[in-house]
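Me: I am new to reading protein models, and I would like some help. Could we go through this one feature by feature, starting with how helices cross?

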Amino acid sequence: MAIRVFLTLLLFLSSAILSFSLYEDQAGLTDWHQRYIGKVKHAVFHTQKTGRKRVIVSTEENVVASLDLRHGEIFWRHVLGTKDAIDGAGIALGKYVITLSSEGSTLRAWNLPDGQMVWETSLLTAQHSKSLLSVPINLKVDKDYPITVFGGGYLHAVSAIDGEVLWKKDFTAEGFEVQRVLQAPGSSIIYVLGFLHSSEAVVYQIDSKSGEVVAQKSTVFPGGFSGEISSVSSDKVVVLDSTRSILVTIGFIDGDISFQKTPISDLVEDSGTAEILSPLLSNMLAVKVNKRTIFVNVGDKGKLEVVDSLSDETAMSDSLPVADDQEAFASVHHEGSKIHLMVKLVNDLNNVLLRETIQMDQNRGRVHKVFMNNYIRTDRSNGFRALIVMEDHSLLLLQQGAIVWSREEGLASVTDVTTAELPLEKDGVSVAKVEHTLFEWLKGHVLKLKGSLLLASPEDVVAIQELRVKSSGKNKLTRDHNGFRKLILALTRAGKLFALHTGDGRIVWSMLLNSPSQSQSCERPNGVSLYQWQVPHHHAMDENPSVLVVGKCGSDSSAPGVLSFVDVYTGKEISSSDIGHSVVQVMPLPITDSKEQRLHLIADTVGHVHLYPKTSEALSIFQREFQNVYWYTVEADDGIIRGHVMKGSCSGETADEYCFTTRELWTVVFPSESEKIISTLTRKPNEVVHTQAKVNTDQDLLYKYVSRNLLFVATVSPKGAGEIGSVTPEESSLVVYLIDTITGRILHRLSHQGCQGPVHAVFSENWVVYHYFNIRAHKYEVTVVEIYDQSRAENKNVWKLILGKHNLTAPITSYSRPEVFTKSQSYFFAQSVKTIAVTSTAKGITSKQLLIGTIGDQILALDKRFVDPRRTLNPSQAEKEEGIIPLTDTLPIIPQAYVTHSHKVEGLRGIVTAPSKLESTTHVFAYGVDLFYTRLAPSKTYDSLTDDFSYALLLITIVALVAAIYITWVLSEKKELSEKWR
Amino acid sequence: MAPILRSTSLFALIVCQISLIFLFASTLPISSGSESEDSYTITGRVRIPASTVIGHAAKFSNIKVILNGGQHVTFLRPDGYFTFHKVPAGTHLIEVYAMGYFFSPVRVDVSARHRGKVQATLTETRRSLTELVLEPLRAEQYYEMREPFSVMSILKSPMGLMVGFMVVVVFLMPKLMENIDPEEMKSAQEQMRSQGVPSLTSLLPASR
C-alpha cells in the first residue's frame, strides 16, 4: 500500500505541467546574448565636456546608439523601424542627438545621457530626393540656432529645443534637384545649391531667421553635371561634369555664380573617368582617378592644384578644426598586414601631425570609413583618435598606436546560419578538470543546496554562478558527450564567416571571403548562404568537416557566384572557385560520395543545373539517381510554381560534363487577378520524424502523411498584399495550399475569407502552423493544418501492418495518388510575429515547441499541444489523460515561456534550431541586430539530471538512511537481548 | 516643463508622469489632425501605473509603439505621448511593446468622412476607448519565483519521500507487528519459514 502511495506521489510530481521556465539565478547559465549595432554610417563624437566620453553612431541597420569611447560599450541604443533608414545624425545644443530618417521625413531628438526621445517632428515631403541634415555647431546653449533639414523637396528649419518647424520652403519644382545646403558659421544666410535638369546651377540665398528667399541666381552650364558634389568651403563647391573628366568649381560669392573648368587631364596624366570622394575637407577635395586618390587644393580664385596623391585604397575622414584656425584630416591606408594612420594638416600636407602603424587582422579587409576626433593632451598638444569601419563592418577605435577596442558589427547582419561539431577530445588530455578535493566538492554542493532553498546570501549567489560555469566546462573547444558544445557558423552580409561557441558565444574563428579571381568587378563577394558540405561520421573519419559558402558578386540575380569551402575546425579556406554562372537556387542532394562530401545542385538563371563537387565519382553517383532528381521554382511575381526534371547534358562551348539541362514537368499557375504568392515553405530537409503514426484516445491509429516533397504556399488577393489597414475584409482573402513538388498535385487547399498577410509559417513532420491577420476580427490568427494518410488507415492491426499493401517495406512513390485528409483549427494570437521556428531534437521523440519571434523582439516558446486540431471545448477523460488541452479561442502568452527571458533580440530576423546529442535538448540560436543563444528542453530534461540537482541532498539522505539502519539495528539487538533475558 | 523632463532620474520621470496625469487626463480627447487630403495623424499616450514602475526595469525610453505590425515604429516622449504621422484613413492596429508589460493591441479606425476622427478599441478585451490612453493589461514576470524555504519542499523532493518512507517502515512497522496477536504471528513466521522467503507483501494482508 505504501508503495502504491509512494508511486502515485511520484507520478503526481512528474506530471506537473511542463513548460519552459527559468529562475532568475539561472539566467545566463546556458544562454548568452550579444548586442550589436551594425555597420556604422555616421559618427559624431561628444568629448567636449568632462565626464563620459561618447560617440554617437547611426548604422545601416537603422540603429542610433551612444557608445562609450573608452570601452566601446553601448550606453543606449534604439532600433528604428525597418523602413526608417537614417539619413543623418548630429548633436544639437550639446545635449540632444538629432537623427533624420525615412528619406528626410522624420526628425527626432534623443536625450544624450539616457537616450530618451525628447521630441519627434514629421516633416512634409513630396518627392524622392536627397536628404540633408545640418545641425549647427554651437557651444552656447542659450542661443537656439535652427536645425536645417532638406528632404523630399522641402527645406525646413526646425528649432532644436522642441522640434517646432520654424519655416519651410518649397523646392519641389520640376527637374530641380537640391545638392547642397550650406551655411557659413555665424552667418544668417543659407545657400541652397541645386541643379535644374542637371545642366543649370541655381543658388538660392535664404534668410535663416525667416525662411525668405533673399536672392536667387541661376546660370546654365552647357556640359551638364553628374551628381557627385563636394563642398570645399562655405561659398564654393566642386562638381564633375557629365563626362566625368572635367572638374567644375562653382563659386557663389554674394549670389554671383561663377564656373571654372579644370580638365582632370591637366591635373594628372592619362586620366580616365574620375570620382569625387565623399570626405569633406576644407579648401581641398579628394578625387579618385586611375586607381589613385589625388588631393586637389582649391585656391581662392577657384584654381585647382594637385598637392598629393595616394593609392586608391586609402580611406579618409572629414577635416576637423585643430588649434590656430587650421584643419586636419586623417587618412588610413594598408601595407601588408599593417595599416598606417596619418593625420595631416589640410593647408600643408607635408606637416604630418600623427603617424601610427597598427597591426591589423587580415580578416577585417580594407578600411571603409574613418572618423577622426581630437583631444587636448595634458601637455596642451593635440592628440587624435580615429574610429574606423572595416570592410567586414567591424568598428575599431585607434588611439596612441593601438586598437583600444573593437566591435564585430558584421554579426548584426547575419544572412545564414548552420551548426557544426567541435573536434573530438585528443588522447592524453583529460576531459574535465578533476574536482580539487572532496571537501571543496561538498562545499560547492552545499552552496547549491542553499541556493535552491533560498538561504543563500548575495555573495553565495555569485559564488554559485561562478561554480556552475566552472564545473560545467561549457566553454571548452572539444566535443562533449551530450552535444551541448557546438559551433554556430554565421555568414554575414559583408561576406565574413564567424564560428561562435555555444558555451559563451565567443568567436572561435572568423574568415573573410576572398574572391578567387581578384578581378576588378568583384573584389569582395557578398555572403548568400551556407551549406553543410562534408560531415564525416562513417567513412573519412580523419577528414575535418567543412561547409560550403555561396557568395555572389553584386546584388542582381544574374551576378556570377563564388563558392568557398571552409574547414570548420581551423576556419581556413580549403579552396574557392569562381563558378562562372549565376546562383538562383542551391539544392543539397541526399547523397554523398566516398569522402562524405554532399552532392549539391546549383541552378542558374539560364535554366541549367550544375553539379558540385566536380569529380568523376560524384558524376557517376549522380548519373544513377539522374531520373529521380526533381526540383521546383517559385516565381512569386508571376504567381507560377514550376516543377522540373533532369533532361540531359548541356550543349554549348562553355558547358562541361557537370552541367545539365532540365525540362518542365508541371506548372501551377495562380490567377493573377485574385491570388498573389506571399509565402512558400518546405520542411527542413534534415528533420527526423520518430513515429509515422499517431495513436488516438480511442485506440485508433492515424498515419501521418510524412513527405519531404510538400510545399506550403500562401496567396492573398492582390489588394491584400499591402499593409494592414489598407484593405477592407471583403476585398481580401488568404488561400493556403499544400502542393506535392514531384507531381505538382495540390493535396489541400484552405481559404480564409477576410484575412491578409503577412504570413509567417513553420512546417514540420506532417503539420503546418501559420500566422496571418484576420481583418474582420482585427486580430492576428494562427492556424494549424495536420495532414494524414488515409490509404494506410486500414492497417489497424499488426498483421495488416506487416502484410498489408502499405507495409513499411513496400515502396512509396510520389506518383501514386495519395489519399490524404487534413485536420485544422484556428486560434487568435495577441501579437504580431516576425518569424516562427520549431524545436528539433536528435531522434524526434521529444515533443515539439513552436518558437515565435514576436514583434517585441522576444521569443515565445509555445507547446505544440496548444496548436493541436484535436483540441475540443470539453475534452473527455481519456483525452485529458493524453494531454489534450481544452479549446480556447486565444493562444496563451505565458511570460515565463519567453526563452529570451529579460533580453530582447533587437531587429529579430531568424531563429535556427539544431539538435544536441541528448534527445531532450535542442539548441536555439536567434539572430537580428542582436544574437541570442539558449538550450531548450521542450519536455524538460527527462534523460539527464538537471543542473540544479542537489547531490548534497542525495548524500545527506544516504547518510541519514545508513545512520537510521545502524540505529535500528542496535535497537533491535538490544531488544532481542532483553527479550532473551526475560 | 521640458528642463525637468530631461533629468535622467527615473524618479523625476515618475513625478512628472503623475503630475501630467492630473494635468491632462481630463483634457485629452483622441486627437488627430489632417495634414493633407488622405493622411492623418494619430496621437495617443502610454500610461504605466506609477506603482509598478518603481523597481522595475521598464523605462519610457525602451518602449516602442508599432503601427500595423511594423509599418511604422515610434517611441515615447518623456510625457508618454506618441504620434504617428501620415496615416491613411482606414482601420489600423497599434501595438505597444514594453519589457515587463503586456499591452493589448488596439484597433484604431481613422475616419475619412469626419476628417480623421479616431476610434479605438482594445482587441483583447473588446473595450472601446474614449481617449487613446494605453495602459498595460498586466505586468509580466519572466522568471519563475523560487519558492521560499519550507519543510514541505524538502519532504516533497524524491529524497524527502525516500526518507519519509523509510521512517514509516522503521517506526510504524514494529507497531503494526506488535498489534498482531502472538499466535497469528507464530503461524505467519512458520509460514514464512516454509516459504523460505520472508516478504512484506505476505505480511501486509495478514495484518488486515
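Reply: Happy to. Start with handedness: a crossing is left-handed if the near helix is turned anticlockwise from the far one by less than a right angle, and right-handed if clockwise. Keep in mind that this is a predicted model. Here, the crossing of α8(A) and α5(B) is right-handed.

Me: Which residues make the contact between α8(A) and α5(B)?

Reply: From α8(A) come A:Leu953, A:Leu954, A:Thr957, A:Leu961, A:Thr968 and A:Lys975. From α5(B) come B:Met159, B:Met162, B:Val163, B:Met166, B:Val170 and B:Glu178. Sorted by class, the contact has 8 nonpolar, 2 polar and 2 charged residues.

Me: At what angle do the axes of α8 of chain A and α5 of chain B cross?

Reply: The axes cross at roughly 15 degrees and come within 9 Å. In these helices, α8 covers residues 951–981 of chain A and α5 covers residues 158–179 of chain B. Angles under 35 degrees count as roughly parallel, and therefore α8(A) and α5(B) are roughly parallel to each other.

Me: Now for a single helix. How should I think about its sides?

Reply: An α-helix has 3.6 residues a turn, so residues three or four places apart point the same way. For a case, look at helix α5 of chain A, residues 616–624. Its buried residues are A:Ala618, A:Leu619, A:Ile621 and A:Phe622. Seen down the axis of α5(A), the buried residues fall within an arc of 165 degrees, so they line one face of the helix.

Me: Which exposed residues are on the face of α5(A) turned away from its buried side?

Reply: That face carries A:Ser616 and A:Arg624.

Me: And what covers the buried residues of α5(A)?

Reply: Strands of chain A are part of the cover, including β43 (585–592), β44 (598–603) and β45 (608–612). The cover also includes β47 (640–649) and β48 (659–669).

Me: What should I look for in the backbone?

Reply: Look for departures from the usual pattern. Most residues other than glycine have a negative phi, and most peptide bonds are trans. In this model, the peptide bond from A:Tyr612 to A:Pro613 is cis, with omega near -5 degrees. You will find A:Pro613 in the loop between β45 and α5 of chain A, the helix we have just discussed.

Me: Where does A:Ser102 lie, and what is its phi?

Reply: A:Ser102 has a phi near 55 degrees, which is positive in a residue other than glycine. This serine sits in the loop between β7 (96–101) and β8 (106–111) of chain A. In chain B, B:Lys86 also has a positive phi, near 55 degrees, but B:Lys86 lies in a strand, β4 (residues 81–88).

Me: Is A:Lys864 buried or exposed?

Reply: Buried means under 20% relative accessible area, so A:Lys864, at 11%, is buried. This lysine is in the loop between β61 (859–863) and α7 (877–882) of chain A. Leaving aside neighbours within four places in sequence, A:Lys864 is in contact with A:Trp767, A:Val784, A:Glu786, A:Lys848 and A:Gln849.

Me: How does A:Lys443 count, at 48% relative accessibility?

Reply: A:Lys443 counts as partly exposed. This residue belongs to helix α3 (residues 438–452) of chain A. Similarly, A:Pro263 is partly exposed, at 28% relative accessibility. A:Pro263 is in strand β21 (residues 258–263) of chain A and touches A:Ser245 and A:Ile246, not counting residues up to four places away in sequence.

Me: Finally, how many helices and strands are there in chain A, and how many in chain B?

Reply: Chain A has 8 helices and 64 strands, while chain B has 7 helices and 11 strands. You can summarise burial by chain too. Of the 982 residues in chain A, 53% count as buried; in chain B, buried residues make up 40% of 208. A last idea is how far apart in sequence two touching residues are. Among contacts in chain A between residues at least 6 apart, 50% join residues at least 24 apart. For chain B, residues 24 or more positions apart account for 56% of the contacts with a separation of 6 or more.

Definitions and conventions:
Residues numbered from 1 in each chain as written. Chains lettered and ligands numbered in written order. Predicted model: local features only at pLDDT ≥ 70, side-chain atom pairs only at ≥ 80, totals over all residues. Heavy atoms only, no water. Buried < 20%, exposed > 50% of the residue type's maximum accessible area, 1.4 Å probe, protein only. Helix = DSSP H or I, 4+ residues; strand = E, 2+ residues; numbered from the N terminus. Arc of directions from axis to C-beta. Contact = heavy atoms within 4.5 Å. Axes fitted to C-alpha atoms, helices over the stretch in contact; angles between N-to-C directions. Parallel < 35°, antiparallel > 145°, perpendicular 65-115°, else oblique. Nonpolar A, V, L, I, M, F, W, Y, C, P; charged D, E, K, R; others polar.
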